[in-house]
Each structure stands twice: as structure tokens, then as C-alpha cells.
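I opened this notebook page to keep track of what I looked up in one structure, beginning with the strands and ending with the cysteines.

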Amino acid sequence: MRPKHIPESMVRGKSPRFLPKHIKCPPGSVLIKRTTQEDLIMDKKIKALGLINYPTSSHFNTTGAGPIDLTVGNAYAAAHYVKHNFGAKTIMNVWSPTTLSDQASFAYLWIANGPADALNVVQAGWGVQPQLFSSNYSRLLTYWTVDGYRKTGCTNYLCPGFVQVHRQISLGMVLNQISIYNGTQSDIEIAILRDGEWWLKLFNQFIGYWPQKLFYYMYGGANVVVWGGLAASPTNELSPRMGSGHFPKDGHQNKSAYFKQTQPWDNVNFVYPEADKLVLSASRPDCYGSETAPDDAAPNAIDLFYGGPDQCNL
């Protein structure tokens with residue numbers, strides 16, 4: 001299956017550089033990680049410990065009043081944009097922040113709509129989450145919910161929801177090309193777009209979709225786009241790194257984690273955010289920072305630089 005109305009030009013861009021060389025399913029079949037009982041137990045344990053890999057519903061405020069504090073044990077540095085949309089795309093550099101076995105560090109693009117107690121969200125990006133994957137590799141991650149992260153939704157394939165259509169790229173795939181501090185940067189381009197369903201695109205490849213019937217408040221699009229980093233840790237431990245592990249104030253070029261050329265989709269075109277509607281925030285500015293700057297390659301773009309070191313009590 002393919003999107004029906006999204007322009008064909010969207011699949012003419014560059015392909016991912018890190019496609020698995022020896023993994024490709026035959027026509028008519030797709031690649032999906034087998035979910036084990038241990039996976040489901042660990043997913044519940046992560047939620048019970050508060051090591052959530054997404055903002056709580058309080059981060060999103062569809063009235064435009066701005067975000068409020070996160071729950072204890074989490075911290076974010078992000079940009080919030082409140083305007084009607086049908087998704088968005090962004091370019092983010094990939095890092096491998098050091099985390100303990102019960103911590104996590106993420107970079108996500110969130111699309112959201114609805115009241116706090118019934119918030120509808122789809123999100124995609126990269127993250128390091130050892131408890132769920134038993135490793136410290138950076139991976140392609142997604143999440144969805146329709147009740148503000150209360151009971152519904154899950155990471156990747158851990159519950160029914162995301163429909164896989166790609167024969168070679170799967171959720172949870174290891175992103176083995178990592179950015180180097182003061183060196184080469186490794187980017188991925190992520191897009192979440194509504195075309196009947198809510199489609200996920202990596203570079204020029206459509207990976208799959210979340211069925212529209214899952215979402216009550218996103219039938220006619222969404223009202224919030226958020227992009228940034230999130231770190232999670234038990235309150236009795238010092239926090240992990242976010243992004244490159246360095247504050248944006250220490251330098252942008254080849255030093256800081258970033259989101260570049262982020263553009264909401266208005267159902268016809270990608271458009272750059274209006275500067276007066278962009279809200280920059282960091283829940284713990286002493287631990288993690290966020291800054292914006294013009295994009296060198298796209299004059300109308302506003303780039304987000306975010307992140308920070310470890311050793312904070314969240």
C-alpha cells in the first residue's frame with residue numbers, strides 16, 4: 001500500500017544509507033519483529049517506573065497557552081508549534097547518548113490534537129532505551145496514544161496499531177551511523193503525514209501507517225507539532241545525556257544535537273513555521289538547553305539545537 005494523494009515527488013529524494021544489506025522480505029510480506037512475552041512485561045515495567053519515552057499530555061496545550069512542567073523523572077528541550085496541520089517533516093542528527101539500563105534518551109517529532117485526558121498523538125524519531133531493547137544502540141522509534149498516554153498506545157509493534165508496509169525497514173532498526181562531536185554529522189529525515197491514514201516516512205521510504213480509525217481527534221488533521229529531545233531516569237539516579245551531551249550554548253556546528261528545516265504539512269505543501277507561533281522551551285534549563293538559529297541552507301527555516309550533559313536529578 002502507498003499513500004494515495006501525497007505527491008510522487010516525495011519518494012524521489014535520497015534513500016536511507018543504512019538499509020539492511022541481507023534482509024528483504026519477498027513481495028507480499030513485510031518485516032516485523034516478533035513480540036515476545038518478555039517485551040510486553042518490560043513495556044509495562046517501563047510505564048510503571050515512569051520511564052516514559054514521550055511527553056505527558058501536559059506538554060501539549062492546544063489552546064496555545066504554552067507547555068507546562070513534565071512529571072518528575074523526565075526532562076525535555078523542545079520547540080512547540082500550534083497551528084492546524086496534517087503532519088510535518090524534519091531532519092535530525094543521530095547520536096548515541098550513554099544511558100544506564102533503567103534510563104532512556106530520545107529525539108522525537110510529535111503530532112498531536114485533542115484535550116489533555118484524550119490527547120491523540122503519533123510520534124517518531126530515534127532513541128536509546130536499554131530496558132526495552134537490552135542494548136545501548138540508537139534505534140528508529142515510534143509511539144502512539146489516543147488517551148493522553150493513560151492506557152492506549154505503545155512503542156513500535158508492542159500493541160496493535162502501526163501497520164507495516166515496507167519490506168526492508170522495520171521499527172526498532174538500529175541506526176548504526178552516529179554523529180561525531182566536532183566531526184561528521186549523521187542525519188535522518190522523518191515525516192509523519194496524513195493521507196487517509198497517518199503515514200510514517202524515513203527519507204524517501206514510506207514505512208507504514210497508523211490507521212485513521214484509531215484517532216478520534218485527528219480525523220481532520222492536528223493542531224500541534226512538537227520536536228525536540230527527552231531524557232528519562234529514575235529520580236534516585238543522575239540523568240543521562242540528551243543529544244550530543246553538550247548544551248547548545250557551547251556551539252552549534254558539529255557540536256549540538258539538532259532538528260533542521262522542520263516544516264508542517266498543510267495538506268498541499270510543506271510550510272515553514274511562523275516565528276511568532278513557535279514556542280521554545282526546556283523543562284530543566286539547568287540540565288538541558290534549547291536554542292534556535294537560522295538555517296544556512298534554507299533561509300526561511302528555523303533550526304532547533306538542543307541537549308545537555310548527564311548528572312542531573314530529574
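**Strand pairing**

I began with a single pair and found that Ile91 has Glu189, in β8, as its bridge partner. The model I am reading is predicted, and I keep that in mind for every entry below.

I then looked up the strands behind that pair: β2, residues 87–93, is joined to β8 by seven bridges, and the two run antiparallel. On β8 itself, which spans residues 187–195, I noted that eight of the nine residues are buried. Here I took buried to mean under 20% relative accessible area.

Next I followed β8 to strand β9, residues 197–202, and counted six bridges in an antiparallel arrangement. Within this pairing Arg194 stands opposite Trp198 of β9. The hairpin made by β8 and β9 has one residue between the strands, and I wrote down that Gly196 takes a positive phi near 80° there.

**The whole sheet**

Which order do the strands of the open sheet follow? I read it as β7-β10-β9-β8-β2-β12-β15-β14, eight strands with antiparallel pairing. At the edges I found β7 (163–164) and β14 (289–294), each of which pairs on one side only.

The partner of β14 is β15, residues 302–307, and I found six bridges between them in the antiparallel sense. As one example from this pair, I recorded Phe305 of β15 as the bridge partner of Glu291.

**Pockets**

I turned to the largest pocket, which holds about 240 Å³ of space. Its lining has 15 residues, and those that lie nearest the centre are Lys33, Asp39, Leu132, Phe133 and Leu158. The elements that contribute two or more residues to this lining are α1 (37–49) and α2 (130–133). By character I have the lining of the largest pocket as six nonpolar, six polar and three charged residues.

The second largest pocket holds about 190 Å³. I listed 13 lining residues for it, with Gln253, Lys260, Asp296, Asp303 and Phe305 nearest its centre. Two or more residues of this lining come from each of β12 (257–264) and β15, and β12 gives the largest share, three residues. The lining of the second largest pocket divides into four nonpolar, five polar and four charged residues. I marked Phe305 in the margin, since that name had already come up as the bridge partner of Glu291.

**Cysteines**

How many disulfides does a search of the whole structure find? I have two, and with the bonded cysteines counted along the chain they follow the pattern 1-2, 3-4.

One of them joins Cys154 to Cys159, with an S to S distance of 2.2 Å. The torsion about its S-S bond is about -85°, so I entered this disulfide as left-handed. Cys154 has a relative accessible area of 1% and is therefore buried.

The other joins Cys287 to Cys312, at 2.1 Å from S to S. Its torsion is about -105°, so this disulfide is left-handed. I noted that it links distant parts of the chain, 25 residues apart: Cys287 is in the loop between β13 (278–282) and β14, whereas Cys312 is in the segment after β15. Both Cys287 and Cys312 are buried.

Last, I checked Cys25, which is buried because its relative accessible area is 13%, and the cut-off for buried is under 20%.

Conventions
Residues numbered from 1 in each chain as written. Predicted model: local features only at pLDDT ≥ 70, side-chain atom pairs only at ≥ 80, totals over all residues. Heavy atoms only, no water. Pairing = 2+ DSSP bridges. Helix = DSSP H or I, 4+ residues; strand = E, 2+ residues; numbered from the N terminus. Buried < 20%, exposed > 50% of the residue type's maximum accessible area, 1.4 Å probe, protein only. 1 Å grid on protein atoms, 1.4 Å probe; cavity = no way out; pocket = protein on both sides within 12 Å on 5 of 7 lines; lining within 4 Å. Points joined across faces, edges and corners; volume = space filled by probe spheres on them. Nonpolar A, V, L, I, M, F, W, Y, C, P; charged D, E, K, R; others polar. Disulfide = S-S within 2.5 Å.
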